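The following exercises are to be worked through with the sequence and the coordinates at hand. Each task is followed by a solution in steps.

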Amino acid sequence: QLALPIGISFFTFQGLSYVIDVYRGDAPCQRNPFYVALYVALFPQLVAGPIERSGRLLPQLRRERTLSREQLSAGGWLLLTGYFKKAAIADGLAPLVDAVYAAPGQAAGPEIIAATALFGLQIYCDFSGYSDIARGSAGLLGVELMENFQAPYAARSIREFWRRWHISLTAWFTDYVYIPLGGSRRGLPRRCFNIMAVFLLSGLWHGANWTFVLWGLMHGLAAAFETACPRARFRHEWMNRAATAVFVTLSFSV
């Protein structure tokens, strides 16, 4: 049992983005270590993101900040919605889901299906709720954090889902893994390989466990299939949305 700091995966990626951007010449090197430390360890998003870039966050930390009534109102509203998602919905669903998942052999088929659907809603409300809390807390300090979720269960494909779910993580892997591997510039087979590499690494990032690797493999195969066969879609958009939501929810239960 190795004890790790809370939020290590988030502030490690945030620190890496600063070092890589400075190395590439995409961001200036900060001469004051205080601002670098504040950028890496800004408390609202320290534990669960969103993963910010130095070019967006550091200028906000360095300049003088003033709070308007609109900023206070927006920050307070994000806090309230975030706490409602986390405490009222996610924490309220957790006992129902845990009761079924703790003894799946004793549950009937409809109970397992219901628990799986509720688990997908629980994870979304837990994670997006925390992101709202982080954005609201930062907003009350005059700092604007990026939006991390945009109605992901309305996505019509897995690739679109990842443009809506944990947006900051998707952007990080795109900029620092997918594009350096060649992105979409080296033909379809290499593009599919790059997609698989990104999702397998994403699975390991979520947890050093084979279940997370399998989860990443599932999403990688789905995204690669969509890339290789862009016309393999249902005729009606609501069917694409439903199929994406079902796939994502089932993958969460791995």
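**Exercise 1.** Leaving aside its neighbours within four places in sequence, which residues is Arg24 in contact with?

*Solution.* The model is a predicted one. Begin with the location: Arg24 belongs to helix 1, which covers residues 8–24. Next, apply the contact criterion, heavy atoms within 4.5 Å. With neighbours within four places in sequence set aside, Arg24 is in contact with Asp175, Tyr176 and Pro180. For Asp175, examine the polar atoms: its backbone oxygen lies 3.4 Å from a polar atom of the Arg24 side chain. Finally, classify the exposure. The relative accessible area of Arg24 is 39%, and the partly exposed class lies between 20% and 50%; Arg24 is therefore partly exposed.

**Exercise 2.** Determine how the axes of helix 4 and helix 5 are arranged.

*Solution.* In general, two packed helices are described by the angle between their axes and the distance between the axes. Take the distance: the axes of helix 4 (residues 69–101) and helix 5 (residues 109–140) come within 6 Å. Take the angle: these axes cross at roughly 155 degrees. Angles over 145 degrees count as roughly antiparallel, and helix 4 and helix 5 are therefore roughly antiparallel to each other. As for handedness, helix 4 passes helix 5 in a left-handed crossing.

**Exercise 3.** Characterise the surroundings of Asp126, a residue of helix 5.

*Solution.* First, list the contacts: apart from neighbours within four places in sequence, Asp126 touches Lys86, Ala90 and Asp91. Second, look for a polar pair; the side chains of Asp126 and Lys86 make a polar contact at 3.4 Å. Third, compare sequence and space for Phe84: Asp126 and Phe84 are 42 residues apart in sequence, and their C-alpha atoms are 9.7 Å apart. Fourth, assign the exposure: Asp126 counts as partly exposed because its relative accessibility is 29%.

**Exercise 4.** Describe the length, the start and the packing of helix 9.

*Solution.* Helix 9 has 19 residues (210–228). From its first C-alpha to its last, helix 9 reaches 26 Å, close to the 27 Å expected at 1.5 Å a residue. At its start, a side-chain oxygen of Asn209 comes to within 2.9 Å of the backbone nitrogen of Thr211. The buried residues of helix 9 include Val213, Trp215, His219 and Glu226. To complete the picture, identify the packing partners: the buried residues of helix 9 pack against helix 6 (158–164), helix 8 (188–206) and helix 10 (237–252).

Note on methods. Residues numbered from 1 in each chain as written. Predicted model: local features only at pLDDT ≥ 70, side-chain atom pairs only at ≥ 80, totals over all residues. Heavy atoms only, no water. Helix = DSSP H or I, 4+ residues; strand = E, 2+ residues; numbered from the N terminus. Expected span 1.5 Å × (residues − 1). Buried < 20%, exposed > 50% of the residue type's maximum accessible area, 1.4 Å probe, protein only. Polar contact = N/O pair within 3.5 Å; in protein donor to acceptor, adjacent residues only side chain to side chain. Axes fitted to C-alpha atoms, helices over the stretch in contact; angles between N-to-C directions. Parallel < 35°, antiparallel > 145°, perpendicular 65-115°, else oblique. Left-handed = near helix turned anticlockwise from the far one by under 90°.
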